[in-house]
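User: I am new to reading protein models and would like to go through one slowly, with the reasoning behind each answer. Could you take my questions in turn?

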Amino acid sequence: MTDNSGEVREPIIKIDRLIHEPSRYMLMAYLYVVEVADFLFLLRQTGMTWGNLSTHLSKLQATGYVVIEKEFLGKKPHTIVRLTDQGRNAFEEYRGNMKRVLDNLPAK
Amino acid sequence: MVEEISLKEIQRKVYMSLFEDGLWDIFLGLFILGWGLAILTEAAYLPGLSFIGIYFVMWGVKKWLTYPRIGYVRFSATSRRRITARFLILGVGVLLVGVMAAVLWGIGTRPQWLADYFPLIFNGILAAIVCFVAYWARVNRFYLYAALIFLGAVFHLWLGVRWEFGFIGAGSIIVLIGLVILIIFLRKYPKMVEEAHDSDRQ
């Protein structure tokens, strides 16, 4: 892009639309600050319904951003979610691109 | 900037969720009660025993009561090391306070000002440790608990209340607050029905 707004348009185009969706951004943000979290924790923290949560996590899993595993907490099985390295990198890149877009906006 | 703030806020929310059940409050309250009983019965081992015993019981209760209601989270290895280090500092601080108390109270000769103001110094150090917990855990109500602990010594020195009753009073109030928080927590977060946990149901 070589037009006058090239500096602004490049980062916008690079923004990951999968992460950009608010619910998925929130999920990625929670998973970014912890090592693992189970379904119930994410449900409680984000306020989503089970259906919404499952749908968004499935999309993130399909892209390879998260891994969903079954683990045992004591004797009880529970489903845990963790960011993959790819997901962590994608989230950091998303944050960087958003920052560049916002920083390059003209002053009011 | 907005990005940074929201991530910090999310991290804070996650940390705060650890204190939402009131169990740490009950743990602290019982520990302070233990100090009061130790002074009353001259059983110096009580605080240490209560610290260890209640700590392990509390984690068992968390698994049974808290995790089925708000879920489970595991922090990164770096965060876990930081939390462990802080708990170790806390534990060492409490141990040093206990040893100091035992040594100073055990030695025959001590300066008069130390004998006069020992409860204030002792409670002050305990209160400072609780303030440290309030600061790093970012749980403001722990500052109130620190104030209650310190007030116990103030009441003893200036109102003639027995020293151990200050601990028993402060510990009881803290346990009571913890129980109220726990009841609010149990009502706010009902246990999730097991079948709703099934992640294969899509």
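Analyst: Before we start, one definition will help: the axis of a helix is a line fitted to its C-alpha atoms over the stretch in contact, and the angle between two axes is taken between their N-to-C directions, from 0 to 180 degrees. Please also keep in mind that this is a predicted model.

User: At roughly what angle do the axes of H3(B) and H7(B) cross, and how is H3(B) placed relative to H7(B)?

Analyst: Two packed helices are described by the angle between their axes and the distance between the axes. Here the axes of H3(B) and H7(B) come within 10 Å and cross at roughly 40°. An angle under 35 degrees would count as roughly parallel and one of 65 to 115 as roughly perpendicular, and the crossing therefore makes H3(B) oblique to H7(B).

User: Is the crossing of H3(B) and H7(B) left-handed or right-handed, and which residues meet there?

Analyst: The crossing of these two helices, H3(B) and H7(B), is left-handed. The contact residues of H3(B) with H7(B) divide into five nonpolar, one polar and one charged. On the H7(B) side they are Leu182(B), Phe185(B) and Leu186(B), and the residues of H3(B) that meet them are Leu65(B), Thr66(B), Arg69(B) and Ile70(B).

User: How is H2(B) placed relative to H6(B)?

Analyst: The axes of H2(B) and H6(B) come within 12 Å and cross at roughly 10°. Because angles under 35 degrees are counted in this class, H2(B) is described, relative to H6(B), as roughly parallel.

User: Which residues make that contact of H2(B) with H6(B), and how many of them are nonpolar, polar and charged?

Analyst: From H2(B) the contact takes Trp24(B), Asp25(B), Leu28(B) and Ile32(B), while H6(B) contributes Arg141(B), Phe142(B), Tyr145(B) and Ile149(B). Sorted by class, the contact of H2(B) with H6(B) has two charged residues, no polar and six nonpolar.

User: Where does Trp158(B) lie, and is Trp158(B) buried or exposed?

Analyst: Trp158(B) has its place in helix H6 of chain B, which covers residues 141-159. Its C-alpha atom is separated by 42 Å from that of Arg187(B), although the two residues are 29 apart along the chain. The relative accessible area of Trp158(B) is 55%, and since a value over 50% is the cut-off for this class, Trp158(B) counts as exposed.

User: How many salt bridges does a search of the whole structure find?

Analyst: Side chains of opposite charge can pair when their charged atoms come close. One of the pairs joins the side chains of Arg12(B) and Glu9(B), at 3.7 Å from N to O. A search of the whole structure, over all chains, finds salt bridges to the number of eight.

User: Where do Arg12(B) and Glu9(B) lie, and what are their relative accessibilities?

Analyst: Both Arg12(B) and Glu9(B) belong to helix H1 of chain B, residues 2-17, where they are three residues apart, or about one turn of the helix. Each of them counts as partly exposed, with a relative accessibility of 33% for Arg12(B) and a relative accessible area for Glu9(B) of 39%.

User: How many residues apart are Glu20(B) and Lys188(B), whose side chains meet in a salt bridge?

Analyst: The salt bridge between the side chains of Glu20(B) and Lys188(B) has an N to O distance of 3.3 Å. This pair links distant parts of the chain, with Glu20(B) in the loop between H1 and H2 of chain B and Lys188(B) in helix H7, residues 163-188, so that the separation is 168 residues. Glu20(B) is partly exposed at 26% relative accessibility, whereas Lys188(B) is exposed at 52%.User: Are Lys62(B) and Asp21(B) buried or exposed?

Analyst: The side chains of Lys62(B) and Asp21(B) meet in a salt bridge at 2.7 Å, N to O. Because Lys62(B) lies in helix H3 of chain B, residues 46-70, and Asp21(B) in the loop between H1 and H2, the pair ties together parts that are 41 residues apart in sequence. Lys62(B) and Asp21(B) are each buried.

User: Which pattern does chain B follow along the sequence?

Analyst: Chain B has 202 residues, of which 43% count as buried. It holds seven helices and one strand. Read along the sequence, the pattern of chain B is α-α-α-β-α-α-α-α.

Key: Residues numbered from 1 in each chain as written. Chains lettered and ligands numbered in written order. Predicted model: local features only at pLDDT ≥ 70, side-chain atom pairs only at ≥ 80, totals over all residues. Heavy atoms only, no water. Salt bridge = Lys/Arg side-chain N within 4 Å of Asp/Glu carboxyl O. Helix = DSSP H or I, 4+ residues; strand = E, 2+ residues; numbered from the N terminus. Buried < 20%, exposed > 50% of the residue type's maximum accessible area, 1.4 Å probe, protein only. Parallel < 35°, antiparallel > 145°, perpendicular 65-115°, else oblique. Left-handed = near helix turned anticlockwise from the far one by under 90°. Contact = heavy atoms within 4.5 Å. Nonpolar A, V, L, I, M, F, W, Y, C, P; charged D, E, K, R; others polar.
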